[in-house]
Protein chains: 4
Amino acid sequence: MIKVGIVGGTGYTGVELLRLLANHPEVSLDVITSRSEAGMAVSELFPNLRGHVDLKFSEPDPEVLARCDVVFFATPHTVAMALVPELIKRGTRVIDLSADFRLKDVEVWEQWYNTEHTCSELFEQAVYGLPEINREQIKPAQLVAVPGCYPTATELGFLPLLEAGLIDPKHLIADAKTGVSGAGRKAAIPMLMAETSGSFKAYGVSGHRHLPEIREILSAHCGEDVDLTFIPHLAPMVRGIHATLYGRLNKQADLQALFESRYQHEPFVDVMPAGSMPETRSVQGANVCRIAVHQPQGSDTVVVLSVIDNLVKGASGQAIQNMNIMFGFEETLGIDVIATMP
Amino acid sequence: MIKVGIVGGTGYTGVELLRLLANHPEVSLDVITSRSEAGMAVSELFPNLRGHVDLKFSEPDPEVLARCDVVFFATPHTVAMALVPELIKRGTRVIDLSADFRLKDVEVWEQWYNTEHTCSELFEQAVYGLPEINREQIKPAQLVAVPGCYPTATELGFLPLLEAGLIDPKHLIADAKTGVSGAGRKAAIPMLMAETSGSFKAYGVSGHRHLPEIREILSAHCGEDVDLTFIPHLAPMVRGIHATLYGRLNKQADLQALFESRYQHEPFVDVMPAGSMPETRSVQGANVCRIAVHQPQGSDTVVVLSVIDNLVKGASGQAIQNMNIMFGFEETLGIDVIATMP
Amino acid sequence: MIKVGIVGGTGYTGVELLRLLANHPEVSLDVITSRSEAGMAVSELFPNLRGHVDLKFSEPDPEVLARCDVVFFATPHTVAMALVPELIKRGTRVIDLSADFRLKDVEVWEQWYNTEHTCSELFEQAVYGLPEINREQIKPAQLVAVPGCYPTATELGFLPLLEAGLIDPKHLIADAKTGVSGAGRKAAIPMLMAETSGSFKAYGVSGHRHLPEIREILSAHCGEDVDLTFIPHLAPMVRGIHATLYGRLNKQADLQALFESRYQHEPFVDVMPAGSMPETRSVQGANVCRIAVHQPQGSDTVVVLSVIDNLVKGASGQAIQNMNIMFGFEETLGIDVIATMP
Amino acid sequence: MIKVGIVGGTGYTGVELLRLLANHPEVSLDVITSRSEAGMAVSELFPNLRGHVDLKFSEPDPEVLARCDVVFFATPHTVAMALVPELIKRGTRVIDLSADFRLKDVEVWEQWYNTEHTCSELFEQAVYGLPEINREQIKPAQLVAVPGCYPTATELGFLPLLEAGLIDPKHLIADAKTGVSGAGRKAAIPMLMAETSGSFKAYGVSGHRHLPEIREILSAHCGEDVDLTFIPHLAPMVRGIHATLYGRLNKQADLQALFESRYQHEPFVDVMPAGSMPETRSVQGANVCRIAVHQPQGSDTVVVLSVIDNLVKGASGQAIQNMNIMFGFEETLGIDVIATMP
């Protein structure tokens, strides 16, 4: 049983952490902070938690947080960087769901997030929490940066092809679609239901913050500079990411076998049978990435379909997967949830 | 560990039974039947079950089914009545999610379902599986009829008022709204997304099959003939029932205290704080009925808001709650799932 | 050709006014104001208007507005009351889509809107713009208060029954459902798509501002004090109101004939054939109220189903209908639009 | 005033033809056929047309149809090919919204539609009804094949680039998303709201029937063989197509100027300002294609965003645009409808 704290629990990744941690047999939820809602019962804000979570939101207090074995940050960027150094110094382990420690190049970070990074000295020690490439480094890590939602779906889809050197790494295309919960729980006219329901659009075409993350991770892992065109879209649904990935094949290979082999021991990557087209609802609420690989019409363009729940494998579920690895629990403990269909 | 069979597992209540039973620690899923899909892997039809359910659909075979400790029927009406007698004779316990054994009056049944009932002799022995009124009778039951979705939400909302004799039992109004999954997984133009999305309508105004069920159960339980106007509506969402119930008060009373007291020991009825207005999403995927009671403007009209997930507390979750009671398991075992929000 | 101005054109009733007025053959759109967006092209905010509306938003200027023949107010309450007196003084006619002039009792207004009314002296002169009861008074009116969306659907549904003295006026029940556009185009967490999609809930149960409006209008028109329980609900769709209305019959009557007769000459009230259940999508984008009347199971409870598009017959379409009447145009001019299905 | 007939009016393109033609000042709607619904009032099936269309469905009768000046076919493929020859022989003009006459290569047609084509002798005379490339040929045409929905959005997006020789024609990528109305009004489990709402998926990855159409048209028009990877997706909305198009640039050019120049005289193609990202709702109900061109991060990959309403510019609106051209009416007559937002 470990003591767990959550900083910033009023957003969608926060409530999803609570939903999953409330049923985790090795977790004692000790503290959840929110400046804006301090004093309010968590279950008043999120009635789905009535009867399951008795905590109240409290002001963030480093003393209190440092008593936890691990603290999750479910905050907008720049919040974690202010608090994490002290927690690290006191020996508390940190799992950051925000973007503060995902990159290794501070100049790139500052350019894309348009602000100064106040503790980039931790970049080296931070481990990028994608278990499918970094499981061994996650085990002893004191600071884990949970991947973004788009990067999770995109990287898992491109990895087998890049690792095998099968596609041109300079001309990747990721046409990605997200549900509206990806924009977070904050008041904004463009995310009103009256603005988004029944409509589909691209956004961030000139440059999305997940682009440098995908580029850096794939380049570092595959040992060659990759480049990609990344076009995110907003789909009229609440949860889910569908990444449609395109690459130019250098040579022929048994792509289905490649993917099955790459992920055969991964508990949370499901390579679908040849010919499959995964739906986002098949992963709704579940910590799994379902992938299918196609070579339409036998052309030299490979198409990978990769779906996740942006709030689970794309955020809170993956964060707990990291926690399980860090604390030596079974990797699937508490997160082996079945998706809800319909 | 008990052996469980499911007859008719290709519908929405079927896949929901599978989602919940796959994680039930005392259940061994032994057989699931479907004439139309015999031979197909369950997880091919329902990819959310990949990695969790390894069964294939098989032809229904009474021999095989009778080896189970309990068999669930997740079938259209008239299917259970043909198979149940043999299973009962062989000592297998049956939990029927269909309408075949919900009523006690065979004439009423035949009038509303417009066909002959072939084993009404089992009506007397069938127990109506609403634990909140019939827990003791459910324990030893060999045949349980799981309530309909609308009746569950409506009866739980009216019960405290009727039991206390506070409202005129002859003029109840139930204005109920359901998501589209209530219509089942069958091809029909009116249930296409292009027909239902973004639109709201009433249906079955002249008479819905859940009307006689509600009328009979409330009358039998409260010891007086009740009558109600029941208007179901189709809301453009997948899951959820919201029943807005109206009654004329005979006398004043502390309605909040009445509801809290009535359900204080019920694990799956959540009386919300005074002034609450429960959302259907707060019960999405969860086996709970959330209820709020109001007396707007201090008038003599009481308004009860009652929400459930039609596929869980309104069907498969409640069916497993009955199973837990019948087999002496903890009543919440395997179904204490937290709703997903957002 | 008349000169038309719009105050507050950045909301949903504003863009709907523009959509309909842009095609109105007798209207010259001269000015549209918005403090927040002054200087921006209307079609930049609302790209559906590209190629159809060339105006820019401007600061509200009484001098400029007074040059119009008629000015529409598509503003939150309290905005019109500040500007209208000057326009009235200068002889400009005003059609107010807000709540500022809908009631006749200033005390009731101030109680429900929780602020002082600064020009209640205009209450007497203001005409409630429901053509189906006030057509003659609308013709010469200088100030028209366009009814609220719920009141339009509710009043049109109850009127034939109350006028005929067929139902108990003290115990009306209106169970009403609206799409999310009813909440307007303003940033608010509860109206995010991630909060509302796929879910259904009641709101404003203790008292909604449309309740006193309905009560006052029905009472004044029918010559007896009516009272009603009014429960609004939020449905997961963008447009549409579905009012399900319940009344206790005092005596039997041919209800279908009553409704058909009452509305036989009304261009924008469509009494559906007996047994119909109108869908909100059948009026999407159209200035029509479709109504069906039922007496389920032959009981003494009458049920009226009344649907409108909240932004058209419930707001902007009805406003233009008033304008047509006021200026002697054919009542249907420019608003005889066919609903879009699917 | 011309006499118009519609064959197969019970689907979504049928009702959309009726919505638009009912307000067309030069059209007299004379006959609408449906084998399955013969005798039923059109407005009974489609209540949005109540008060606007008085026709009844009738059995298709070549005698009656031949009396029309023009007959629209809003039918599944293979229906038109059986009736069209006789109408052509009698001098009636035909606008076919189905796939029967869209291709020029009968072998390709028969391979993709998996059946014999019974009147391919009309292929040569059939004009592909995309006014933006074929306006002059459409004017005198007796038989027009209205383009498919995906092809319309895709071809209009790629045309300026291909005509200018700016991109590699052998490696086009079209990642396209459609609303569910594209599947038509027919009973099918995968198109139920409970199956599609809140979920996103690819389909037809191995080969969609619109692929050979796009390939043939672009090749023929641009004078070189093009090839593309075409991946259609189903988005959880009713109407709309969003095509995200990718091409590899051969040389630099002012892409914004190129697109603006190419479409400057087109009434129904709206090139959005640089940096725009069009939403499908901005064309909802309107006969317009909105296009934006991007070169993200200054790379050599051009990205075109092209949106249409699949039922209007992607089907019925474009069909009427063809009719206007064929009969010498103003091209925008009756179809200059403004999209509905929200």
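# Reading the interfaces of chain D

Guide: The contact between chain D and chain C takes 29 residues from chain D and 29 residues from chain C. Keep in mind that this is a predicted model.

Visitor: How much area do chain D and chain C bury between them?

Guide: The size of an interface is often given as the accessible area lost when the parts come together. Chain D and chain C bury about 2400 Å², and carbon and sulfur atoms account for 59% of it. On the side of chain D, the residues that lose the most area to chain C are R50(D), I338(D) and P342(D), which together make up 30% of what that side buries.

Visitor: How many salt bridges does the rule find across the interface of chain D and chain C?

Guide: There are two salt bridges across this interface. In a salt bridge between D270(C) and R50(D), the side chains meet at 2.6 Å, N to O. R50(D) was also named among the residues that lose the most area to chain C. Polar contacts link 10 residue pairs across the interface, both partners at pLDDT 80 or more.

Visitor: Which elements of chain D give two or more residues to the side that touches chain C?

Guide: They are α1 (12-21) and β12 (269-271) of chain D. The largest share, four residues, comes from α1(D). By kind, the residues of that side divide into 15 nonpolar, six polar and eight charged.

Visitor: P342(D) came up earlier. Where is P342(D) placed in chain D?

Guide: P342(D) is in the segment after α11 (312-326) of chain D. The peptide bond leading to P342(D) from M341(D) is cis, with omega near 0°. In chain A, a cis peptide bond joins M341(A) and P342(A), where omega is about -5°. P342(A) lies in the segment after α11 (312-326) of chain A.

Visitor: Now the other interface. How many residues of chain D are in contact with chain A?

Guide: On the side of chain D there are 45 residues, in contact with 46 residues of chain A. The area buried between chain D and chain A is about 3600 Å², with 56% given by carbon and sulfur atoms. The count of salt bridges between these chains is four. One of them joins the side chains of R281(A) and E195(D), at 2.5 Å from N to O. The rule also finds 22 residue pairs in polar contact between chain D and chain A, both at pLDDT 80 or more. Several elements of chain D each supply at least two residues to this side, including α8 (193-196) and β14 (301-308). The residues of that side are 20 nonpolar, 16 polar and nine charged.

Visitor: How are the copies, chain D and chain A, related?

Guide: Try laying one copy on the other. A turn of 180° with a shift of 0.0 Å along the axis lays chain D on chain A with an RMSD of 0.0 Å. The two copies are therefore related as by a two-fold rotation axis. Among the residues of chain D, P236(D) comes closest to that axis, at 3.1 Å by its C-alpha. Of the interface residues of chain D, 100% are also interface residues in chain A, so the copies meet through the same surface.

Visitor: One backbone angle to finish. What is phi of Q297(A)?

Guide: Phi of Q297(A) is positive, about 60°, although Q297(A) is not a glycine. Q297(A) lies in the loop between β13 (289-294) and β14 (301-308) of chain A. Its relative accessibility is 42%, so Q297(A) counts as partly exposed. In chain C, Q297(C) also has a positive phi near 60°.

Note on methods: Residues are numbered from 1 along each chain as its sequence is written. Chains are lettered from A and ligands numbered from 1 in the order in which they are written. This is a predicted model: local features need pLDDT of at least 70, side-chain atom pairs count only at pLDDT 80 or more; totals for chains, interfaces and linings use all residues. Side-chain values use heavy atoms; hydrogens and water are left out. Buried means under 20% relative accessible area, exposed over 50%, partly exposed in between (1.4 Å probe, protein chains only). Contact means heavy atoms within 4.5 Å. Buried area is the accessible area (1.4 Å probe) that two parts lose on being put together, summed over both. A polar contact is a pair of N or O atoms within 3.5 Å; within protein, one must be able to donate a hydrogen and the other to accept it, and residues adjacent in sequence count only if both atoms are side-chain atoms. Ala, Val, Leu, Ile, Met, Phe, Trp, Tyr, Cys and Pro count as nonpolar, Asp, Glu, Lys and Arg as charged, and the others, Gly among them, as polar. Copies are superposed by least squares on the C-alpha atoms of residues with pLDDT of at least 70 in both.
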